[in-house]
Amino acid sequence: MRTATAGRPYTNALNRLKEANLRPTRQRLALARLMFEDGHRHITAEQIHSEAMTNTIKVSLATVYNTLHQFTDAGLLNEIVVDSGRSYFDTNTAPHYHFYCEEDGMLSDIPAESIQIAGIPNMPRGTELQSVDLVFRLKRNSATRNAA
């Protein structure tokens, strides 16, 4: 298991769950620790499930999905949908955008201040802007692919 940077091993994860008003179950604590102890990251449910198994945390993939969606609903994560069958969960909840390379699944942050949105179209009556999701889809150029 990972070591805590200060205090008991689960202190950071416990505090994050309490601040989000989520009951700190054993599985939530374990998954929160995996998600939040190493700084900002983009991770799929399958990747966090694999990490859980590697760290001898017994949890089903369905439970991982449910927990990630609970964390997202509580504001601890953002879900980035890159296509109909693939989502990443982002621990960086501050406003920002993404580069996504479809060939290798690389997802990386673009600071919000790096993007300027010139205008927003009129929204349907009775609605207001909640957020803007922007994903730049990339592909490796031939020189990069040939060098690998």
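**Group meeting: strands, a helix face and a surface patch**

Let me start with one residue pair: Tyr 100 stands opposite Leu 107 in E5. Before going on, note that this is a predicted model.

The two strands involved here are E4 and E5. They pair in the antiparallel sense, over 6 bridges. Together E4 and E5 make a hairpin with 4 residues between them. In that turn, Gly 105 has a positive phi of about 75°.

What stands opposite Tyr 100 in E6? There the partner is Arg 137. E4 and E6 pair in the parallel sense, over 4 bridges. So much for pairing; next, burial. Strand E4 covers residues 96-101, and 5 of its 6 residues are buried, so E4 is largely enclosed by the rest of the structure. As background, the side chains of a regular strand alternate between the two faces of the sheet.

Now helix H1. Which residues of H1 are buried? They are Ala 13, Leu 14 and Leu 17. Seen down the axis of H1, these buried residues fall within an arc of 100°, so they line one face of the helix. The general reason for such spacing is that an α-helix has 3.6 residues a turn, so residues three or four places apart point the same way. What do the buried residues of H1 pack against? They pack against H2 and H4.

On to the backbone. Just after H1, Asn 21 takes a positive phi of about 60°, although Asn 21 is not a glycine. Asn 21 sits in the loop between helix H1 (11-19) and helix H2 (26-36). Is Asn 21 buried or exposed? Its relative accessible area is 72%, so Asn 21 counts as exposed, the cut-off for that being over 50%.

Thr 56 is another case. Its phi is near 50°, again a positive value in a residue other than glycine. Thr 56 lies in the loop that runs between helix H3 (45-54) and helix H4 (61-73). At 68% relative accessibility, Thr 56 is also exposed.

Last, the surface. Ile 117, Ile 120, Met 123, Leu 129 and Val 132 form a nonpolar patch there, and their accessible area together is about 410 Å². Take Leu 129 from that patch. Where is Leu 129 located? Leu 129 is in the loop between strand E5 (106-111) and strand E6 (135-138). With a relative accessible area of 42%, Leu 129 is partly exposed, because that class lies between under 20% for buried and over 50% for exposed.

That is all from me.

Methods. Residues are numbered from 1 along each chain as its sequence is written. This is a predicted model: local features need pLDDT of at least 70, side-chain atom pairs count only at pLDDT 80 or more; totals for chains, interfaces and linings use all residues. Side-chain values use heavy atoms; hydrogens and water are left out. Patches are made of residues with over 30% relative accessible area and no salt bridge: like charges are joined within 9 Å, nonpolar side chains (Val, Leu, Ile, Met, Phe, Trp, Tyr) within 5 Å. Accessible areas come from the Shrake-Rupley method with a 1.4 Å probe; for residues, only the protein chains shown count as cover. A salt bridge is a side-chain nitrogen of Lys or Arg within 4 Å of a carboxyl oxygen of Asp or Glu. Buried means under 20% relative accessible area, exposed over 50%, partly exposed in between (1.4 Å probe, protein chains only). Two strands pair if DSSP finds at least two bridges between them. The arc is that of the directions from the helix axis to the C-beta atoms. Contact means heavy atoms within 4.5 Å.
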